[in-house]
Amino acid sequence: MKILTNCVADRLTMETRTFTALAVTVLISGLASVSLQAAATKYIDSPPLSKVIKQAVVPVREGGAMQLPIITWGGDIATILANGSAKDTSAGSIFDAQGLKFSLKREDDFTAQIGNYVRGDSAYLRCTLGMLNQAIEALDDPRVKPVVVGQLTYSVGGDVLVVKSSIKTPADLKGKTIVLQAYGPHVDYLTRVLSDAGIALADVKIKWVKDLTGTDDSPAAAIRTDPSIDAAFMISPDAAEITSNGTVGSGAEKSVKGAHILMSTKTASRIIVDVYAVRGDYLQAHRTEVANFAHALLMAQEKLAVLMRDSATQKAEFTKLMTASASLLFDSPQAVADVKGLYGDCEYVGFVGNVNTFTSQTFPRRFSVLQDEIQTGLIGLGLLGSKVAVDTAGLDFDALKQGLTQTVASETPKFQSGEVAKVMAQRSEQGTLKDNQLFEFEVFFKPNQATFAPDAYAGQFDEVIKRAAIYAGAIITVEGYADPTGYCDAKAKAQPPLILSRIKQSANNTSLNRAVQVREAIVNYAKSKGVALDPSQFTTMGHGISDPKTGTTSDGEPLRPTSKEAAYSNMRCELRIVNVEAESVWTPDGGAK
């Protein structure tokens, strides 16, 4: 077998505060690369993987321990724990109890993983769902067509969109030049953000690089050295360097003057999905073994959560796991801080998350939805010819929950409502609320309207539900506004300041009530569709007659609407998805880590 290889170096990420630079140097051959500038960064073409990967299928090797791929990511700490905190499955481990024997192999080059997989060295692939879909046409032989076994984690902080000073919101990316790693974990991140911002792929210029980090051919190096680059998708340690430790780049050392983080997966926390997939022929021949593998991973996730929470009381086992993970993921038993950083940048989904992803018909981020949006984006980029069905293993979750304790969704709010309200009020007073918004929607009222018929607002409410699920680490502000006609008429009649003040206060109350009504209507609508929204993600604000659609005078006073339609345009709620990554608004045990 010969593989004409591209690089699909998987995501290497850790908690931003570690600022540890991870070096990944992998060779891309068979792709025409050209230097687009005098600086060191070289840009490459990015044809579909089906055109660059050639393969000869070999049956999976039977007997002995199977090679099991892991990658340098927090989700793989649970796999190491399941293996007995060792490279080879140890006696008494979770895998051993399920009759499984593995030899763990870290393989951050996805192309190399595919080679091992096709050669039969391993029956499994370890990757993001986006990367799996980039390879799906190249693995069209039924024997090796990947079947998704289960989800490990979401990325909740380790993957970052860094932009230059002119870009304040995702909508500002229109017409800009964006750089990211070819075939890497940020491709579907890019397409999702652009789609949500209403930007066509043709409206941006994309430059591809071969490496994820640590070389002159990485996104961080490109934005640092190439003035034509406006935005770059990168991992959190690189983002910390470029933005002067997560603030605004000063231009000193390795930072870029004016560069800042527009968004990370702390906000866009339901986009990058980490999975294991299995060969189709192996699943058909070893379904019980594959089910045991999935069950063992769920058991390990629960045990890992306990170890991380009670590390002081279970010090020996915790230390063994951290040391083994440091050795396997970083080739150094001393890299424990880096392992903890990896853990902090991911969110394990456990049993409940797998049920939601693979069996729910209503969960906003269910498998079919993820597949459709990922493949739509890849087709738009020319990385996929047409939509391809990707199967899941169809495991029995009633059987898989045996021995597990966390089998019911937690009702713990993700956000501290009081802190959220305080932060949003402060931003509103400073006039900076829109500077941090990612997306916005509008809902309009009629005079004295107090209810919202689902058939009239279903499209808008469905969009809010979808965005709330994708950007689960963001706050959604529901901001009410009132029409200023009554105030303008009273002022024209020279009513005393006290009367004018009362009219303004009444408008403030009306606008806040409207915001509360809209929030409740959205939450109730979602509930009727079988979707449980977290009310703590929503905060309400009343702006009264400020910022009317009909405009203001030079001294900031509202202009009187000239028609009924113009007056109605002021009777509205604006919903903003607001980036709050720099604020301490999450609950200690909430979902946004």
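**First stop: the mixed sheet**

Begin by selecting strands S14, S17, S15 and S16, which in that order form an open sheet of four strands with mixed pairing. The model on display is predicted. At the edges of this sheet lie strand S14 (437-444) and strand S16 (538-542), each of which pairs on one side only. From one strand to the next, the twist averages 20°.

Now restrict the selection to S14 and strand S17 (residues 572-578). These two strands pair in the antiparallel sense over seven bridges. To see a single pairing, display Phe-439, whose bridge partner in S17 is Ile-577. Then add helix H16 (residues 454-470), which packs on the sheet and touches S14, strand S15 (475-481), S16 and S17. The direction of H16 makes about 160° with that of S14.

**Second stop: the antiparallel sheet**

Select next S5, S12, S6 and S13. In this order they make up an open sheet of four strands, with antiparallel pairing. Its edge strands are strand S5 (124-128) and strand S13 (346-348), and each of them pairs on one side only. Neighbouring strands here are turned by 35° against each other on average, direction ignored.

The sheet may be followed one pair at a time:

- S5 and strand S12 (residues 273-279) are antiparallel and share five bridges. Within this pair, Cys-127 has Val-275 of S12 as its bridge partner.
- S6 and S12 are joined in the antiparallel sense by seven bridges. Val-275 of S12 appears again here, as the bridge partner of Gln-151.
- S6 and S13 run antiparallel and are joined by three bridges. Tyr-154 has Glu-347 of S13 as its bridge partner.

Is S6 largely enclosed by the rest of the structure or open to the outside? Of its 10 residues, 10 are buried, so S6 is largely enclosed by the rest of the structure.

Two helices should be added to this view. Helix H3 (residues 110-119) lies across S5, strand S6 (146-155) and S12, and runs at about 160° to S5. Helix H9 also packs on the sheet, where it touches S5, S6, S12 and S13. The direction of H9 makes about 10° with that of S6.

**Third stop: the nonpolar cores**

Keep H9 on display and turn to the largest nonpolar core, which has 144 residues. Which of its residues touch the most other members? They are Tyr-124, Leu-173, Phe-293, Tyr-471 and Leu-575. H9 supplies the largest share of this core, nine residues.

Centre the view on Phe-293. Leaving aside residues up to four places away in sequence, Phe-293 touches Leu-68, Phe-95, Leu-100, Phe-102, Tyr-124, Val-149 and Tyr-276. A second, separate core has 15 residues, including Val-209, Ala-232, Val-256 and Ala-259.

**Fourth stop: helix H10**

Select residues 315-330, which form helix H10. At 1.5 Å a residue, its 16 residues should span 22 Å, and its end C-alpha atoms are 21 Å apart, which agrees.

Colour the buried residues of H10: Phe-318, Leu-321, Met-322, Ala-324, Ser-325, Ala-326, Leu-328, Leu-329 and Phe-330. In an α-helix there are 3.6 residues a turn, so residues three or four places apart point the same way. The elements that cover the buried residues of H10 include strand S3 (66-70), helix H1 (76-82), strand S4 (102-106), helix H9 (287-309) and helix H11 (336-344).

**Fifth stop: two loop residues**

Move on from the end of H10 to Asp-331, which follows this helix and is found in the loop between H10 and H11. Asp-331 has a positive phi of about 60°, although it is not a glycine. With a relative accessibility of 58%, Asp-331 counts as exposed.

Then select Ser-244, in the loop between helix H7 (236-242) and strand S11 (260-264). The phi of Ser-244 is near 55°, a positive value in a residue other than glycine. Its relative accessibility is 23%, so Ser-244 counts as partly exposed.

**Last stop: confidence**

Finally, colour the chain by pLDDT. The average over the chain is 89, and 92% of the residues score at least 70. Where does pLDDT stay under 50? It does so over residues 1-38, for which the model has 148 contacts beyond four places in sequence. Where pLDDT is low, the predicted coordinates should not be read in detail.

Notes: Residues numbered from 1 in each chain as written. Predicted model: local features only at pLDDT ≥ 70, side-chain atom pairs only at ≥ 80, totals over all residues. Heavy atoms only, no water. Expected span 1.5 Å × (residues − 1). Buried < 20%, exposed > 50% of the residue type's maximum accessible area, 1.4 Å probe, protein only. Contact = heavy atoms within 4.5 Å. Core = buried A, V, L, I, M, F, W, Y, C linked by side-chain atoms within 4.5 Å. Pairing = 2+ DSSP bridges. Axes fitted to C-alpha atoms, helices over the stretch in contact; angles between N-to-C directions. pLDDT = per-residue confidence, 0-100.
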